[in-house]
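Hi,

Here is the structure I promised to pass on. Have a look at it first, and then read my notes on the aromatic side chains below.

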Amino acid sequence: MGGAVVDTGDSGVKAPDGGWGWAVLFGCFVITGFSYAFPKAVSVFFKELIREFGVGYSDTAWISSILLAMLYGSGPICSILVNRFGCRPVMMVGGLFASLGMILASFATNIMHIYLCTGVITGLGLALNFQPSLIMLNRYFSEKRPLANGLAAAGSPVALCCLSPLGQVLQYQYGWRGGFLILGGILLNCCACGALMRPLTGPKKTSEVDEKETETKPKPKPKLLDFTVFKDRGFLIYTVAAAIMVLGLFVPPVFVVSYAKELGNEDTKSALLLTILGFIDIFARPTCGIIAGLKWVRPRCVYLFSFAMIFNGTTDIVGSMASDYPSLVVFCIFFGISYGMVGALQFEVLMAIVGTEKFSSAIGLVLLVEAIAVLVGPPGAGRLLDATKNYMYVFLLAGCEVVLSALVLAICNMLFIKRKPQQPDPPAKMEMAITETEMEELNKATKDDQDNVGGENGKKQAVEPETITKSDAKKVEEPESTGVDSVEVENASKKVSEANGVVVEPESSL
């Protein structure tokens with residue numbers, strides 16, 4: 001890797017907003033799909049694992065929980081590695097880890113091996129791909145970044161719609177061991193996506209002198225993890241709001257199928273609700289990205305994000321009153337719209353708050369905080385369900401948590417994040433000051449002229465009006481170069497005011 005270009009932060013190169021950026025967007029689309037959909041797709045094999053190892057459903061559910069915990073909790077580790085080695089090498093290694101974990105899990109002899117291989121190793125590999133792909137997307141897009149984030153986020157519902165049926169086919173044809181082995185091979189595509197993450201480089205130096213100067217200047221070492229983001233009020237507000245939001249955001253998709261079964265619906269009919277939710281989500285994310293990119297919306301993207309969370313939380317609260325299957329279908333439609341809006345905006349808002357240079361550290365720290373909430377949210381809702389035996393309270397709690405996060409984000413931004421009034425530049429200030437001074441002198445001169453018509457000309461000549469232009473000054477200097485007497489030039493450069501107030505240019509009559 002001696003000749004490799006390490007993308008260690010803001011390279012000073014303007015984001016192309018296209019070109020190779022579309023290849024980066026495609027890679028981010030695939031990685032986002034694997035990262036969010038894979039923990040849910042693995043649940044297809046849970047029945048086979050229960051039968052194979054003689055464990056309970058709660059034991060197998062830990063596989064998905066560990067996967068998500070590694071995806072979120074290893075954020076700071078990913079930030080350090082990205083700041084040290086760059087995005088492309090980290091993603092290539094992450095793809096190998098993700099594939100290796102599933103391949104090793106296919107030879108497991110007990111559930112602990114599945115925890116270690118699928119949960120820890122594959123989860124770490126997906127984390128090493130997910131975070132760097134978002135960082136590269138942020139570097140390649142600036143003006144079109146909201147749209148790019150929306151398209152990349154759409155990878156999650158698309159992959160979920162593809163991986164879940166694929167997992168069922170693999171389980172039926174090859175069993176869970178063969179399915180894990182094939183999924184491990186599919187995850188090698190993460191390496192291909194990592195290869196697409198070409199770092200941005202500046203224009204090449206054409207002069208040898210410039211190259212020597214750049215070599216002599218010591219390059220500052222990038223911070224492995226920049227904790228100065230905590231000094232930013234906007235980042236602190238976002239982190240607190242995101243942690244509260246994650247407590248309830250993922251609860252409805254986990255419990256909606258069980259809710260439908262509780263109402264007496266068939267398993268296939270109940271599972272169709274997630275398909276409806278995912279289908280709506282596919283179109284909601286890019287659409288929200290387009291809306292967020294509008295000129296009058298983008299500066300207020302934080303408040304659009306708050307609206308999306310309020311929309312999502314209100315949908316949960318209203319959905320808690322569902323009493324039949326059609327009402328659950330309506331709930332899934334509106335939840336898919338609001339869930340897609342939140343998914344499309346959450347990282348766009350973070351990018352807008354911290355900027356490109358600090359985004360690699362900021363996203364790692366945010367994901368670490370969210371990891372704690374992810375581990376607490378769904379299990380806490382499950383305990384509430386065990387205590388009350390009523391899904392209504394679960395959806396109510398989730399909705400209140402998401403609405404609370406929206407209020408925290410919006411109100412704190414209005415109170416503590418104030419826009420600085422636009423002040424004129426220093427050159428503009430100097431120009432205004434000079435103009436005011438000259439106007440005052442000119443007004444004094446005209447007042448004296450009116451009071452002393454035909455009086456002393458010396459006082460009038462003492463004040464030089466601003467109407468002499470640079471071109472006039474050049475014209476005055478020309479005779480001096482041809483040998484004209486300096487006194488004559490000085491007299492010719494001055495304006496003579498007549499009694500009727502008409503200003504005569506003597507040089508025009510020469």
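Which residues form one aromatic cluster? They are Tyr-259, Phe-331, Phe-335, Tyr-339, Tyr-391 and Phe-395. Bear in mind that this is a predicted model.

Two members of that cluster, Phe-335 and Tyr-339, make a pair of their own: the ring centres are 5.4 Å apart and the planes are at 20°, so this pair counts as stacked, the cut-off being under 30 degrees. Both residues belong to helix H15 (residues 325-388), where they are four residues apart, or about one turn of the helix. As for accessibility, Phe-335 comes out at 0% and is therefore buried. Tyr-339 has 10% relative accessibility, so Tyr-339 counts as buried too.

Across the whole structure, the search turned up 16 aromatic pairs. One of them is Phe-53 with Trp-176, an edge-to-face pair with 5.7 Å from centre to centre and 65° between the planes. Phe-53 sits in helix H2 (residues 46-53) and Trp-176 in helix H8 (residues 155-186), so this pair ties together parts that lie 123 residues apart in sequence. Phe-53 and Trp-176 are both buried.

There are also charges over rings to look at. The charged end of Arg-198 is over the Trp-20 ring, 4.4 Å from the ring's centre. Lys-269, in turn, lies over the face of Tyr-325, with 4.6 Å to the ring centre.

Happy to go through any of this with you.

Cheers

Technical notes
Residues numbered from 1 in each chain as written. Predicted model: local features only at pLDDT ≥ 70, side-chain atom pairs only at ≥ 80, totals over all residues. Heavy atoms only, no water. Phe/Tyr/Trp six-rings, centres within 6.5 Å; stacked < 30°, edge-to-face > 60°. Helix = DSSP H or I, 4+ residues; strand = E, 2+ residues; numbered from the N terminus. Buried < 20%, exposed > 50% of the residue type's maximum accessible area, 1.4 Å probe, protein only. Lys NZ or Arg CZ within 6 Å of the ring centre and 35° of its normal.
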